Amino acid sequence: MKHFYTIALLLILFCGCVQAQKKGTVKRPKNLSDEQLMELVQRQTFRYFWDFGHPVSGMARERSNVAFDYGGEVVTTGGTGFGVMGIIVAAERKWITRQQAAERMLKIVNFLWKADQFHGVFPHWLDGATGKVIRFSPKDDGGDLVETSFLFQGLLCARQYFNQDNPTESQVRNKILWMWEGIEWNWHTQGGQNVLYWHWSPNNGWSMNHQLRGWNEGLITYVLAASSPRFSIPPQVYHQGWATNSYFRNDREFYGIKLPLGFDYGGPLFFAHYSFLGLDPRGLKDQYADYWEQNKRHTLINRAYCIENPKKYKGYSENSWGLTASDSYRGYAAHSPTEDLGVITPTAALSSFPYTPEFSMKAMRYFYDTLGDKTWTEYGFVDAFSEHHNWYANSHLAIDQGPIIVMMENHRTGLLWKLFMSIPDVQNGLRKLGFESPQVPVNASK
């Protein structure tokens with residue numbers, strides 16, 4: 001689980017050096033209907049990617065405060081993928097014009113076209129001005145397959161959405177296609193093994209040696225690797241690599257709810273979000289799970305734990321719930337029922353709208369109406385808070401803000417799900433791995 005546990009260690013080391021932006025009071029309209037509040041939260045959160053996007057690259061900055069001894073130059077590839085999906089939502093809802101959206105997309109795509117990549121795979125972090133890799137950890141200075149899959153989950157949706165016959169949208173489509181076709185997913189089997197490896201670096205080779213086995217946020221990585229038109233993986237890489245981890249199957253009950261896959265109590269809630277921003281879990285099944293049921297049950301268990309509140313933290317309730325990876329008063333942590341620091345992270349409940357709409361709405365009302373100015377900012381809700389410790393983050397993270405916009409939109413209209421699931425390459429990849437979905441024709445020709 002490098003994506004979160006390595007970053008946790010780094011932030012704990014540097015948390016004393018973190019310089020947070022001051023959170024000023026932001027206008028907070030009162031007495032909104034549920035629909036008005038949803039629109040406001042999505043639109044305000046989108047400002048993180050639009051107003052705060054890097055001025056040179058257009059990509060999403062890693063975070064809104066300074067950490068890791070880096071300044072504002074750090075942009076995130078995976079978070080940019082989430083932000084790209086947010087741009088599509090913004091264009092569709094007319095918060096910006098389609099032309100503005102297409103021009104920002106072309107700016108991002110042109111930057112990526114020239115940025116560092118390794119066998120077509122992008123690094124976790126880039127310098128947003130130069131396109132040079134910024135190492136994520138001492139040996140993580142090359143390609144990051146999982147972050148690349150988050151990036152292309154978004155870019156492939158953009159290629160579907162920007163389908164008009166004009167020079168800007170044509171360039172967006174063409175360059176995304178050329179980059180997509182150039183990703184050497186099979187290189188990351190490290191010589192033909194039946195598992196994907198997370199990292200490769202020209203300086204350090206395979207020395208990180210991190211196999212990508214489930215259950216975690218990496219399902220989308222295997223789906224896209226199987227979907228590649230040029231560098232695809234065979235099905236056995238999925239079945240013998242991803243699906244054979246000792247933490248893959250669960251089938252135990254928590255709060256009377258049977259959990260098909262994953263860690264006890266489900267782990268942090270981003271497992272139910274990141275792969276499913278584009279991948280539609282409704283009716284999505286393979287031999288291992290019904291993924292709608294998996295994600296819904298994971299969410300309900302997470303909420304039930306917060307209601308039980310075994311550690312007696314102030315502020316946990318049926319209306320204030322949601323444990324997932326985020327900032328905390330100790331630094332970054334992968335919050336879950338088995339790593340509970342008393343910190344609620346708004347993206348956990350809000351990105352779960354498709355699974356638990358009534359409960360997610362109650363949580364959003366609590367964050368907005370009850371906590372109010374403590375949690376509401378120019379970029380939507382703060383990254384996290386702890387009423388017990390009287391701590392409210394001064395930060396926002398791209399990987400937490402993006403899923404709020406996207407999953408709330410999927411709940412409202414299914415927009416990103418429709419775009420992603422309509423991609424012929426993705427449909428081929430899903431069939432290849434043995435998935436079935438109402439959106440994937442069974443006997444379509446390749």
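**Crossing helices, two cores and some odd backbone**

The crossing of α3 and α12 is left-handed. Keep in mind as you rotate the view that this is a predicted model. Two packed helices are described by the angle between their axes and the distance between the axes. For this pair, α3 spans residues 77-92 and α12 spans residues 398-412, and their axes come within 8 Å while crossing at roughly 35 degrees. On the α3 side, the residues that meet the partner helix are G79, F82, M85, G86 and V89. Across from them, α12 offers A398, I399, G402, P403, I405, V406 and E409. Sorted by class, that contact is made up of eight nonpolar, three polar and one charged residues.

Now for the cores. In soluble globular proteins, nonpolar side chains tend to be buried together. Here, the largest nonpolar core has 105 residues, and L219, L279 and Y291 have the most contacts inside it. The biggest giver to this core is helix α5, residues 145-161, which puts in 10 residues. There is also a second, separate core of 30 residues, with A363, Y368, W376 and M408 among them.

If you want a way into the largest core, click on L219. Setting aside neighbours within four places in sequence, L219 is in contact with Y238, W242, S275, F276, L279, Y291 and F435. Two of the names in that list, L279 and Y291, also appear with L219 as the residues with the most contacts inside the core.

Next, find α14, which runs over residues 424-433. Is this helix enclosed or open? Seven of its 10 residues are buried, so α14 is largely enclosed by the rest of the structure. Those buried residues are V426, Q427, N428, G429, L430, R431 and L433. The cover over them includes α7, α8 (235-240) and α13 (415-421). Just past the end of α14, G434 takes a positive phi of about 90 degrees.

That brings us to backbone geometry. Most residues other than glycine have a negative phi, and most peptide bonds are trans. Start in the loop between β5 (199-200) and α7 (219-227), where W215 lies. The peptide bond joining G214 and W215 is cis, with omega about 10 degrees. The loop between β5 and α7 also holds N209, which has a positive phi of about 55 degrees even though it is not a glycine. N309 is another non-glycine with a positive phi, this one about 50 degrees, and it sits in the loop between α9 (291-308) and β8 (325-328). How do the surroundings of these two asparagines look? N209 counts as partly exposed because its relative accessibility is 45%. N309, at 8% relative accessibility, counts as buried.

Last stop: R28, found in the loop between α1 (2-14) and α2 (34-50). Is this arginine buried or exposed? R28 is buried, because its relative accessible area is 14% and the cut-off is under 20%. Not counting residues up to four places away in sequence, R28 touches Y368, D369, G372, D373 and W376. Of these, Y368 and W376 are also included in the second core. The side chain of R28 makes a polar contact with the side chain of D373, at 3.0 Å. For a sense of scale, the C-alpha atoms of R28 and V146 are separated by 36 Å, with their positions 118 residues apart along the chain.

Terms used. Residues are numbered from 1 along each chain as its sequence is written. This is a predicted model: local features need pLDDT of at least 70, side-chain atom pairs count only at pLDDT 80 or more; totals for chains, interfaces and linings use all residues. Side-chain values use heavy atoms; hydrogens and water are left out. A nonpolar core is a set of buried Ala, Val, Leu, Ile, Met, Phe, Trp, Tyr and Cys residues joined through side-chain atoms within 4.5 Å. Buried means under 20% relative accessible area, exposed over 50%, partly exposed in between (1.4 Å probe, protein chains only). Helices (H or I, at least four residues) and strands (E, at least two) are DSSP runs, numbered from the N terminus. Contact means heavy atoms within 4.5 Å. Axes are lines fitted to C-alpha atoms, for helices over the stretch in contact, and angles run from 0 to 180 degrees between N-to-C directions. A crossing is left-handed if the near helix is turned anticlockwise from the far one by less than a right angle, and right-handed if clockwise. Ala, Val, Leu, Ile, Met, Phe, Trp, Tyr, Cys and Pro count as nonpolar, Asp, Glu, Lys and Arg as charged, and the others, Gly among them, as polar. A polar contact is a pair of N or O atoms within 3.5 Å; within protein, one must be able to donate a hydrogen and the other to accept it, and residues adjacent in sequence count only if both atoms are side-chain atoms.
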